[in-house]
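Dear colleague,

I am handing over the structure we spoke about, and I would be grateful if you could keep it open while you read the notes that follow. They begin with a single residue and then widen to the whole chain.

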Amino acid sequence: MKFQGAYNTWSLRISVAVGAGLALALGSYRIVVGTPLYYYIIVAYIIVLIQTIFARKDVVGLAYDSGGVTTSTVTVPIVAAIGIGLSSVVPGRSPVLDGFGLIALVCMFPIISVLGYIQFIDIIVKIKKRKS
C-alpha cells in the first residue's frame, strides 16, 4: 500500500519506530549524564519547526499524528518505568526530577523522523524526475 504514490506505509512505520527508539536512547543518555530536559525539548521543537516550514503541507498532519501514536497504553507505562527505573539506580539522579520527560521525547522524535523520511523521499523523487 502506498501513500501519495511514493511513501511506503511500512517505511513510515519503521520511521516512527526509529524515532521513538532514538528518543528513548537520547533520554536515557540524558538521565545518565544529568543534563536538563529542557535543552533537549527546546532543540527538538526547533527541529520540528524548521522541518515543518520546509515540508509539504499535505504531510505535516501525518507527521504530527505520528507523535501521538507513540502515546499508547503500552508505550507510556514502559517508557515511564524505564525513566524512573534508570534514574533510581544512577547515583546522583532523582526519579522525580530526572525520571520523567522520556515520554515527551518519545512523542517528539517520531515527528522529526517521519518529516525527515518524507523530505528524503521527496528529494529522491525530484532527483529521479530531473534525470528522466
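In which helix does S87 lie? This is a predicted model, and in it S87 lies in helix 4. With a relative accessibility of 0%, S87 counts as buried, and its side chain has polar partners on the backbone: a polar atom of that side chain lies 2.9 Å from the backbone oxygen of G83, and the side chain also reaches the backbone oxygen of I84 at 3.1 Å. Once neighbours within four places in sequence are left aside, the residues in contact with S87 are I31, R93, S94, P95, D98 and G99.

L86 is also found in helix 4, which spans residues 75–89. Is L86 buried, partly exposed or exposed? Its relative accessibility is 23%, and because buried is kept for values under 20%, L86 counts as partly exposed. Leaving aside neighbours within four places in sequence, L86 is in contact with S28, I31 and V32. Should you want a distance to check on screen, the C-alpha atoms of L86 and Y38 are 19 Å apart in space, with the two positions 48 residues apart in sequence terms.

Stepping back to the whole chain, you will find six helices and two strands, and from the N terminus on these elements run β-β-α-α-α-α-α-α. The C-alpha atoms fill a box of roughly 60 × 25 × 20 Å along the principal axes, and 37% of the 132 residues count as buried. Among contacts with a separation of 6 or more, 80% are accounted for by residues 24 or more positions apart.

How do helix 2 and helix 3 run relative to each other, and what makes the contact? The axes of helix 2 (residues 37–54) and helix 3 (residues 57–69) come within 9 Å and cross at roughly 150°, and angles over 145 count as roughly antiparallel, so helix 2 and helix 3 are roughly antiparallel to each other. V48, T52 and I53 of helix 2 make this contact with K57, V60 and Y64 of helix 3, and by class the residues are four nonpolar, one polar and one charged.

Helix 2 also holds Q51, which is buried, with a relative accessible area of 12%. Not counting residues up to four places away in sequence, Q51 touches I111, I112, L115, G116 and Q119, and the side chain of Q51 reaches the backbone oxygen of I112 at 3.3 Å. Within the chain, Q51 and I41 are ten residues apart in sequence and 15 Å apart in space, C-alpha to C-alpha.

The last part concerns the nonpolar core. In soluble globular proteins, nonpolar side chains tend to be buried together. Here the largest nonpolar core has 27 residues, of which Y7, L12, L105, F109, V114, Y117 and I118 touch the most other members. Helix 1 (9–33), helix 2, helix 3 and helix 6 (102–131) each supply at least two residues of this core, and helix 6 gives the most, with twelve. L12 is a convenient place to start looking: not counting residues up to four places away in sequence, L12 touches Y7, L62, V114, Y117 and I118.

With kind regards

Note on methods. Residues are numbered from 1 along each chain as its sequence is written. This is a predicted model: local features need pLDDT of at least 70, side-chain atom pairs count only at pLDDT 80 or more; totals for chains, interfaces and linings use all residues. Side-chain values use heavy atoms; hydrogens and water are left out. Axes are lines fitted to C-alpha atoms, for helices over the stretch in contact, and angles run from 0 to 180 degrees between N-to-C directions. Helices (H or I, at least four residues) and strands (E, at least two) are DSSP runs, numbered from the N terminus. Angles under 35 degrees count as roughly parallel, over 145 as roughly antiparallel, 65 to 115 as roughly perpendicular and the rest as oblique. Contact means heavy atoms within 4.5 Å. Ala, Val, Leu, Ile, Met, Phe, Trp, Tyr, Cys and Pro count as nonpolar, Asp, Glu, Lys and Arg as charged, and the others, Gly among them, as polar. Buried means under 20% relative accessible area, exposed over 50%, partly exposed in between (1.4 Å probe, protein chains only). A nonpolar core is a set of buried Ala, Val, Leu, Ile, Met, Phe, Trp, Tyr and Cys residues joined through side-chain atoms within 4.5 Å. A polar contact is a pair of N or O atoms within 3.5 Å; within protein, one must be able to donate a hydrogen and the other to accept it, and residues adjacent in sequence count only if both atoms are side-chain atoms.
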